[in-house]
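Q: Could you zoom in on one part of this model and talk me through it in detail? I'd like the cut-offs spelled out as you go.

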Amino acid sequence: MKKEYPPIKIRVCEPDLSNLEIEYVTEAIKNNYVSGFAPPVKRFEKEFAEKFGMKHAIAVNSGGSALFIVLKALGVKEGDEVIMPSFTMVASPAAASHCGAIPVFVDSSEQSFNMDPKKIEEKITPRTKAIMPVHIYGEPCDMDPIMEIAKKHNLHVVEDAAEIHGAKYKGKMAGTFGIAGCFSLFANKIISSGEGGVILTNDDSLANALNHMKSYDFNDDMHFWHKTVAFNLRYPALNAALGSAQLKRFDELVGKRRTNAQYYINGLKDVPGLTLFPEKPDTFSVFWMFGLLAPKRDELMDFLAENGIETRTFFIPMHRQPVYQHLQKDERFPWADHYGDNGLYLPSSSQLTSEQKDEVVGKIKEFYQKA
Ligand SMILES: Cc1ncc(COP(=O)(O)O)c(C=O)c1O
């Protein structure tokens, strides 16, 4: 039986919407702009590309769709392999599976939730078509070795940048390293429009293919003329209007996530037994969710829930999922398991007040003093 808890006082994450979002969406409605073809979508795409200094941004209906159509447009097909971390959200391997390809999992590293670059090369086979680094919880992957390996083996790099709006690795925006970077705009993301996704690329022919694939491959010269079987994965104009308002607030929204993280680090650094993940050298981390490893993780989460504080466990690694277990033989993923079994993330909304963060820190301390 599922345990009953008191009402939630502090949610793990909530969208941060201001008058600007109301203004932009109202404006779209007043102009009758609702479909995926309407001007707010092109405007949002232009603004997103400019923000990241990239040539093309292609907006779609989710981060998962973004990953899927990029792999599909790159020709990933039945029997191919895509290398990615086991410690990720299911949308990363699902993108490969929907192409008929096999996700090949790599363990995380001791220092980071992200895929360990040292363990990638041993996974490359003649069937490998792409590497998909996933920037987990707002920390950019160690991109130099990943890009080097990809170059050496002539593989595409498709970044799963769903959780990483604004993070940088050695001064360069995460999501701009590979042939494509795929972002999510889901309600809990740093830049959100409820649902949605964006693909960044500098490759003109990939951008052209994606624009056709996301919209039934309507022909540019003769509208109802189709050369390939494609999809409707379009991003609706009302979401795009919301997205444009969030983009205007980009630095503010990223800054608030970083402030939360610093607050939690200061408050929790002396609690024995906790493992915190501060920003690493050479990176600008956006702390999409503030994650930590905690002894008695499940009991701690239960105690916080009893006090109206919502938290989430870390991802359950993909090699353990019912849908992907069969892909592993005797292989072990000790770090992915370690994070999955001991990690949780704390309330991380951008609009958290200091009082709320104090309450979270205070309750964690109380739990360990009693324990
Ligand atoms: C790492 C990662 N990849 C992909 C996705 C998929 O994004 P969406 O929910 O927009 O499909 C998510 C979503 O939360 C994610 O965390």
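A: Let's go with the enclosed space: the largest cavity holds about 70 Å³. A cavity here is a set of points, on a 1 Å grid over the protein atoms alone, where a 1.4 Å probe fits but cannot get out; points are joined across faces, edges and corners, and the volume is the space filled by probe spheres set on them. Keep in mind that this is a predicted model, where local features need pLDDT of at least 70 and side-chain atom pairs count only at pLDDT 80 or more, while totals for chains, interfaces and linings use all residues. Numbering runs from 1 along each chain as its sequence is written, and side-chain values use heavy atoms, with hydrogens and water left out.

So who's on the wall? Lining residues have an atom within 4 Å of a point, and for the largest cavity they are Phe-113, Tyr-137, Glu-139, Phe-277, Ser-285, Phe-287, Met-289, Phe-290 and Gly-291. That splits into 6 nonpolar, 2 polar and 1 charged, counting Ala, Val, Leu, Ile, Met, Phe, Trp, Tyr, Cys and Pro as nonpolar, Asp, Glu, Lys and Arg as charged, and the others, Gly among them, as polar. Because domain 1 (19-248) and domain 2 (250-370) both give residues to this lining, the largest cavity lies between them; the domain bounds come from an automatic or database assignment.

The search of the whole structure turns up 2 cavities of 30 Å³ or more, and the second largest has a volume of about 40 Å³. Its lining includes Cys-13, Glu-14, Pro-15 and Asp-16, the run from Ala-187 through Asn-188 and Lys-189 to Ile-190, and also Arg-257 and Ser-350. By class, that lining has 4 nonpolar, 4 polar and 4 charged residues.

For some packing elsewhere, try helix 5 (residues 143-153), where Met-143, Ile-146, Ile-149 and Ala-150 are buried. Buried means under 20% relative accessible area and exposed over 50%, with partly exposed in between (1.4 Å probe, protein chains only); helices are DSSP runs of H or I with at least four residues, strands runs of E with at least two, numbered from the N terminus. Those buried residues fall within an arc of 130° down the axis, so they line one face of helix 5; the arc is that of the directions from the helix axis to the C-beta atoms. Turned away from that side are the exposed Glu-148, Lys-151 and Lys-152.

Notes. On a 1 Å grid over the protein atoms alone, a cavity is a set of points where a 1.4 Å probe fits but cannot get out, and a pocket is an open set with protein on both sides within 12 Å along at least five of seven lines; lining residues have an atom within 4 Å of a point.
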